[in-house]
Amino acid sequence: MQTNPIPPTLRQATAEDADAIAALTEAAYTKYIPLIGRKPQPMTADYRQMAAEHPIWLLYLGDELAGLLALEFEPETVLIYSVAIRPDLQGLGLGRRLLDWAEQQARQSDYRKIRLYTNEHFVKNIELYLRVGYRETSRQEYLGTRLVHMEKLLEG
């Protein structure tokens, strides 16, 4: 893993950030289209509405938008809807930093469980989630492929 000399900063997105969120999501997820034969779900979201209804965190390196984390607070768990890192910055540990931030946000809101889902073809993502303590809970048919549902129990 490379290291990055610029310390990342985070800020919560607003609806005005929707175009930048969509552009970063498009860049980060485009590589998956050939694997599943369609756009991954985060590429189809209405980020103006999502930013108005759910917290989306933007990760910056200096003035450059480097990544994002979209969360949904459900009754029993926090859902990580999307983690996206700009392609030229992948491999620097920024995605892991956003996963840690998601867990911190969940704990601060008194949640003891966090969950996510990914596509079965996104093997590297699944491996990362397993390495950081998530466990697979189920698989679900979805638009010709299968989603892998995962969760992590959070310590207090």
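1. A good place to start in this predicted model is the pairing of β6 and β7: strand β6 (residues 135-142) runs antiparallel to β7, and seven bridges join the two. Tyr 142 has Thr 145 in β7 as its bridge partner. Two residues lie between the strands in this hairpin, and Leu 143 there has a positive phi near 50°.

2. Strand β7 has a second neighbour to look at. Strand β5 (residues 113-119) also pairs with β7 in the antiparallel sense, over seven bridges. Within the β5 residue range, Thr 118 sits opposite Val 148 of β7.

3. How buried is β7 (residues 145-153)? Seven of its nine residues are buried, so the strand is largely enclosed by the rest of the structure.

4. Now for the helices, beginning with α1 (residues 18-29). Its twelve residues should span 16 Å at 1.5 Å a residue, and the end C-alpha atoms are 16 Å apart, which agrees. Buried in α1 are Ala 18, Ile 21, Leu 24, Thr 25, Ala 28 and Tyr 29. They cover an arc of only 130° around the axis, so they lie on the same side of α1. The cover over these buried residues includes α2 (33-36), α3 (47-53), β2 (56-61), β3 (64-73) and β4 (78-85).

5. Helix α4 (residues 94-108) can be checked in a similar way. From first to last C-alpha, its 15 residues reach 21 Å, close to the 21 Å expected at 1.5 Å a residue. The buried residues of α4 are Leu 94, Gly 95, Leu 98, Leu 99, Ala 102, Glu 103, Gln 105 and Ala 106. It may be worth a glance at Asp 110 too: just after α4, this residue takes a positive phi of about 65°.

6. Which residues touch the most other members of the largest nonpolar core? They are Ile 80, Leu 94, Ile 114 and Tyr 134, in a core of 26 residues. Two or more residues each come from β2, β3, β4, α4, β5, α5 (123-131) and β7. The largest share, five residues, is given by α4. Another core, of 21 residues, lies apart from this one, and includes Ala 13, Leu 24, Met 50 and Leu 65.

7. Finally, a closer look at Leu 94. Leaving aside residues up to four places away in sequence, Leu 94 touches Pro 8, Leu 59, Leu 61, Ala 66, Ile 85 and Leu 89. As a general background, nonpolar side chains in soluble globular proteins tend to be buried together.

Definitions and conventions:
Residues are numbered from 1 along each chain as its sequence is written. This is a predicted model: local features need pLDDT of at least 70, side-chain atom pairs count only at pLDDT 80 or more; totals for chains, interfaces and linings use all residues. Side-chain values use heavy atoms; hydrogens and water are left out. Helices (H or I, at least four residues) and strands (E, at least two) are DSSP runs, numbered from the N terminus. The expected span of a helix is 1.5 Å times one less than its number of residues. Buried means under 20% relative accessible area, exposed over 50%, partly exposed in between (1.4 Å probe, protein chains only). Two strands pair if DSSP finds at least two bridges between them. The arc is that of the directions from the helix axis to the C-beta atoms. Contact means heavy atoms within 4.5 Å. A nonpolar core is a set of buried Ala, Val, Leu, Ile, Met, Phe, Trp, Tyr and Cys residues joined through side-chain atoms within 4.5 Å.
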